[in-house]
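I open this notebook to keep track of what I looked up, one entry at a time. The sequence and the model come first, and my entries follow.

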Amino acid sequence: METDRKAAMARYQASRRLVLAVVIGLLCLLLVFSGSPHSELTHERIEAHGLALILIGIGGRLWSILYIGGRKSAEIVATGPYSVVRNPLYFFSTIAAAGVGTQTGSITVAAAAAVLCATAFYIVAMREEAHLKALFGAPYEAYLQRVPRFVPNPWLFTDQTEVTFSSRVFNHTLRDGLVFLISIPCFELIESGQEAGLIPILFYLY
């Protein structure tokens, strides 16, 4: 029974990643034909702040995986980032997604990317919590009552002397995180194509 639950959760997470990837891919395709009405200086500043968000997102994801890597369905992790928010991987992924959106030079796109990811991850988190409730019972219920789902509360922070982690999971998370950085040369290439007149600008986004 427990094996069936874990397999079902794994299938759900895989389908969730596929759907999210398709949605993001379609949005990126649409953004190919969008432009930024901001001045070049403002545009560059928005992109620079976005790079900082991407780096924070990648660093936060790696910090989180050090504590949870390979143990999500094996034990309740309630230290480090998991002491201040129940879903730090999703939280930091949302920050990185906002950073990717800023590479268009548009604050609107950055906000939309963050909202889209936060909504998708919120739905996923609800499903995962139902699975973990059934798995761990009362101790996990107490954790739910104590720690917020998506908005961190730094005053709750507690840590442990040392952690063990799976290098395979860590490396996989690092590779996933580096994908966020690919947005930088991709959108720079699109901008070059627009400036050269090879890609038409059909609409502007602030």
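In which helix is Glu47 found? I located Glu47 in helix H2, where helices (H or I, at least four residues) and strands (E, at least two) are DSSP runs, numbered from the N terminus.

**Ground rules.** I noted that this is a predicted model, in which local features need pLDDT of at least 70, side-chain atom pairs count only at pLDDT 80 or more, and totals for chains, interfaces and linings use all residues. Residues are numbered from 1 along each chain as its sequence is written, and side-chain values use heavy atoms, with hydrogens and water left out.

**Entry on the whole chain.** I looked up the elements of the protein chain and found six helices and two strands, which follow the pattern α-β-α-α-α-α-α-β along the sequence. Of its 206 residues, 40% count as buried, a term that stands for under 20% relative accessible area, while exposed stands for over 50% and partly exposed for what lies in between (1.4 Å probe, protein chains only). I then turned to contacts, meaning heavy atoms within 4.5 Å; of those with a separation of 6 or more, 83% join residues 24 or more positions apart. The accessible surface of the chain comes to about 11500 Å², and 68% of this belongs to carbon and sulfur atoms; such areas come from the Shrake-Rupley method with a 1.4 Å probe, and for residues only the protein chains shown count as cover.

**Entry on Glu47.** I went back to Glu47 and asked whether it is buried or exposed. Glu47 counts as buried, at 5% relative accessibility. Its side chain makes a polar contact with the side chain of His43 at 2.9 Å; a polar contact is a pair of N or O atoms within 3.5 Å, where within protein one must be able to donate a hydrogen and the other to accept it, and residues adjacent in sequence count only if both atoms are side-chain atoms. Leaving out residues up to four places away in sequence, I found that Glu47 touches Thr102, Gln103, Glu188 and Glu191. I also looked up Thr104, which is 57 residues from Glu47 along the chain, with 7.4 Å between their C-alpha atoms.

**Entry on the second largest pocket.** His43 came up again here, since I found that His43, Ser36, Glu191, Gln194 and Glu195 lie nearest the centre of this pocket, among 19 lining residues. For the search, a 1 Å grid is laid over the protein atoms alone, and a pocket is an open set of points with protein on both sides within 12 Å along at least five of seven lines, whereas a cavity is a set of points where a 1.4 Å probe fits but cannot get out; lining residues have an atom within 4 Å of a point. The volume is about 340 Å³, taken as the space filled by probe spheres set on the points, with grid points joined across faces, edges and corners. Strand S1 (34–35), helix H2 (40–68) and helix H6 (167–195) each supply at least two lining residues, and the largest share, five residues, comes from H6.

**Entry on H3.** I read that 14 of the 15 residues of H3 are buried, so this helix is largely enclosed by the rest of the structure. Thr94 has its place in H3 and counts as buried at 9% relative accessibility. A polar atom of the Thr94 side chain lies 2.9 Å from the backbone oxygen of Tyr90. Beyond its neighbours within four places in sequence, Thr94 is in contact with Ala114, Cys117, Ala118, Phe121 and Phe150.

**Entry on H4.** I looked next at H4, in which Ala114, Cys117 and Phe121 are among the buried residues. What caps its N-terminal end? Ser106 does, with a side-chain oxygen 3.2 Å from the backbone nitrogen of Thr108. Ile107 is found in H4 and is exposed, with a relative accessible area of 52%. Just after H4, I noted that Gly137 takes a positive phi of about 70°.

**Entry on Arg149.** I closed with Arg149, which lies in the loop between helix H5 (138–146) and H6 and is buried, with a relative accessible area of 19%. Its side chain makes a polar contact with the side chain of Tyr122 at 2.8 Å.
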